[in-house]
Structure formats: structure tokens, C-alpha cells
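Me: I would like to go through this model with you, starting with the terms. Could you take my questions one at a time?

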Amino acid sequence: MSADPVVLTERLIDCPSVTPATGSVFDVLQAMVVPMGFAVHRYIEGEAPDGPVENLFAIRQGPAGSRHFAFAGHLDVVPPGQGWSSAPFTAERRGELLYGRGAVDMKGAIAAFVAALADIPQDAGTISLIITGDEEGPARYGTAALIERMRALAGAGEGSLPDLCLVGEPTSVNRLGDMMKIGRRGSVNIWLTVDGAQGHVAYPHLADNPIPRLIAMLAELDALVLDEGSDWFQPSNLEITDIEVGNPATNVIPAQARARLSIRFNDLHTGQGLVDRVSAIASRHGGTARAVISGESFITLPGDFSSLIAHAVETETGVTPELSTTGGTSDARFLRALCPVVEFGLCNATMHKKDEAVAMEDLRVLARIYRRIALAALQQPSA
Ligand SMILES: N[C@@H](CCC[C@H](NC(=O)CCC(=O)O)C(=O)O)C(=O)O
Ligand SMILES: [Zn+2]
Ligand SMILES: [Zn+2]
């Protein structure tokens, strides 16, 4: 089996795996790591619409008492959308770039994990891969469920929980190595409903139109300034992401109007605090709010772990990574329950877009960075 991360990325891209992912893409990953001595545990959980989701935990035990370092990521990808120059699920090399859905987010990083592992001796310590088939979606049966399985395995003596974990999300911006993520803002999605009374538009006194109340509610919510940012985080933001009435008739006042919000919040807030605040505003306008808190904000404060990652990046690229908490959330919000987590990966300019592409040389450099990180993390004294 080739350990060239470009070839490994091609094999993964060639398996369609839109969220929720199961099956062939996991078969391919399993075939890559079993010859390296990894024990592979695979689980399929959940039903439509949020499942079934496949998750994979692969572990190679080091000497007794050795440290355990984990690479984490996702094999699911967002839908390709329209307008690609080549087939999104057939990897294609053009010039210095490799094209295909998942090239940077994040099959390329998983290929780089594998290429790095091929070059790490078993006696260096315990290494694992924590790979989900639902990071891009609701994640109901994804990494959180896999963590439960890992805890059960560890309890049964069939593995151990990691001491440190690196998530390979595409954190770099303009060039490989310029940014790593040491934390993430929290995320909450809120569905708003305003009920009225249906009726004829020419007889409004016999109806109650919910739309003006929804508009007033959204205007008040949209005007909120949640904060100005904090020591480690950018300001929180509230975005209206959908407005829906679904009224096909020109002469009917509808019975109900709905909207949806997404709030990305920093460490000055909790998800529940924001839900309570939005609910109070909704209620003043005669509406209701239903919320799903995806995750709270978190930070892995700069220290030995972030330093060793920065050192590996600097050694291979000459670039000093900025320590950031910007952007969306990630599965690090679940993994932080196990151990300190930091994220580092490829350039993210084409993620979720048509013609997603990775520089093939970046894949090779990333594999070398990941190898350095794993070896250094396994040698780090226990806290
Ligand atoms: N469905 C959940 C979680 C969605 C996770 C998603 N993450 C990214 O897009 C990563 C991008 C980056 O690295 O900045 C997100 O933040 O939407 C939810 O809605 O919270
Ligand atoms: Zn991703
Ligand atoms: Zn993504």
C-alpha cells in the first residue's frame, strides 16, 4: 500500500461520502491502516434523516504505560453543488493541484494522518484515529457517539483514552501553516414560530396576521449587539438564516410564520443564556422559540501542546502559525471532554465550494508536520 498522501487522498475522494457517510470510504481507510498494525472498530448508528452514520476508531497500542496521541477528523463531505470543472467524486490532478470534494475538508488531512503513521514506529507510543461520518451535519450520531464507544472499549481494557488530540480540519488560510485553532465559539440554532389566525386579506379584522409580528421580532433580534469580543474570541454574531411562510394564495392571511437563527457565541455567553434571551424577545412578540445547542465555546489555552504543534509547523514550513478561535465550530467541541485538543490542517479557501482543491505539495508537507506532532506529543511528559 502506497504511503504517498496524494495517492491516499485520491482513493478517499473517489468514494462519495456526503453526510451522513457510511461504507466504502471507511473500507478504504480501514484497508490503509490494518497493514500498519491498527485494530479497527467500526460502528453504524442512527436512522434517517440524521443517520445512519458510520464512525471508526483505529488504535495501535504502544509499549505498556506509553502515552496515547489521537488524530481526529471526518470522512463525510458536504454535497458537491453545481458547476464543477471535473467530476467531484473522481480525484483529478491538474497542474500542482488535486481536485475533488473533500480534498481539503478533510480527506486530504486524513490521508496525511495515514502517511504520517506509516513512518512512526509502534514503540513510539499508542496512536489512534477517531473518524466520524457526520461532522458536517447534525452530528447526532457522530463523534459524540464514538466517544461513548471509546469509553466503553477503554473500560473493557481494549484501548485507552487519548492524552492529546489533533483535529485535522483545514485551519490554514493563505498558506499551509499560517493558522491553527486552539478553541471555537459555541453554536446554537433557533427555530421561531409566530401563530396568528388565517383569514381573507379583505377582511383583516376577522384574521390575525403573524407576519408583521415575526418581522418586528426579527428586527429586534437582528439589532442585538451581543458583545464586542473577548480576550480569545471574536464578537458573537446572530444571523437570520431562514424566513418561511409558505403561503401560495395572494388573498389569504396565513395562520403561521416561521424563521430560523444561528448564533455563534464566545465565552461571554452560554448557549442556554442566549436561548433564554431570544425566547423572551420571541414571547414579547407573541412567538415561541425552539433551540438546539450544538456546542459551547471552548479554548485549549496556549501551552506545551500548542507550542509543539507550532514548532512542527515552523520546522517544515518556516511559518509561525497564528493561534486562533475564528470561524465555525468543529468536533473538537466533543473531543475536548477527553483531553486537550488543537486543530491544524490544510488551506481552507476552497472548502465547501465547487472545484475544491489541494496543493499536492501541501499534502506531503502536512504528512511530515503530522509525523513530527505525533512523535513530539508521544514524548511529552504527562501533565
Ligand atoms: N451542525 C452544527 C455543527 C456544524 C459544524 C460547522 N463547522 C464548520 O463549518 C467548520 C468550518 C471552520 O473550520 O471554521 C459549522 O460551524 O457550521 C451547527 O450548526 O452548529
Ligand atoms: Zn471539516
Ligand atoms: Zn466542512
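Reply: Certainly. Buried means under 20% relative accessible area, exposed means over 50%, and partly exposed lies in between, with a 1.4 Å probe and protein chains only. This is a predicted model, in which local features need pLDDT of at least 70 and side-chain atom pairs count only at pLDDT 80 or more, while totals for chains, interfaces and linings use all residues. Residues are numbered from 1 along each chain as its sequence is written, chains are lettered from A and ligands numbered from 1 in the order in which they are written, and side-chain values use heavy atoms, with hydrogens and water left out.

Me: Is His 74 buried or exposed?
Reply: His 74 is buried, as its relative accessible area is 0%.

Me: Which protein donors does the zinc ion (ligand 2) have?
Reply: They are His 74 (NE2), Asp 105 (OD) and Glu 169, the last listed with two OE entries, at 1.9 to 2.7 Å from the ion. Donors here are N, O and S atoms within 2.8 Å of the metal (3.2 Å for Na, K and Ca); water is not among the atoms, so sites may look incomplete.

Me: Why is the arrangement around the zinc ion (ligand 2) irregular?
Reply: The arrangement is irregular because the 4 donor atoms subtend angles of 52 to 149°. Four donors count as tetrahedral if all angles lie between 85 and 135 degrees; four count as square planar and six as octahedral if opposite donors are over 155 degrees apart and all others between 65 and 115; anything else is irregular.

Me: How are the donor residues of that ion spaced in sequence?
Reply: The spacing is H-x30-D-x63-E. His 74 lies in strand β3 (residues 68–74) and Glu 169 in the loop between β7 (164–167) and β8 (179–181), so the pair ties together parts 95 residues apart in sequence. Strands (E, at least two residues) and helices (H or I, at least four) are DSSP runs, numbered from the N terminus.

Me: What does Asp 105 bridge?
Reply: Asp 105 bridges the zinc ion (ligand 2) and the zinc ion (ligand 3), which lie 3.3 Å apart.

Me: Changing topic: how many disulfides are there?
Reply: A search of the whole structure finds 0 disulfides, a disulfide being a pair of cysteine sulfur atoms within 2.5 Å. For Cys 339, the nearest cysteine sulfur is that of Cys 165, 5.2 Å away.

Me: Is Cys 339 buried or exposed?
Reply: Cys 339 counts as buried, at 9% relative accessibility. Cys 15 also counts as buried, at 8%.
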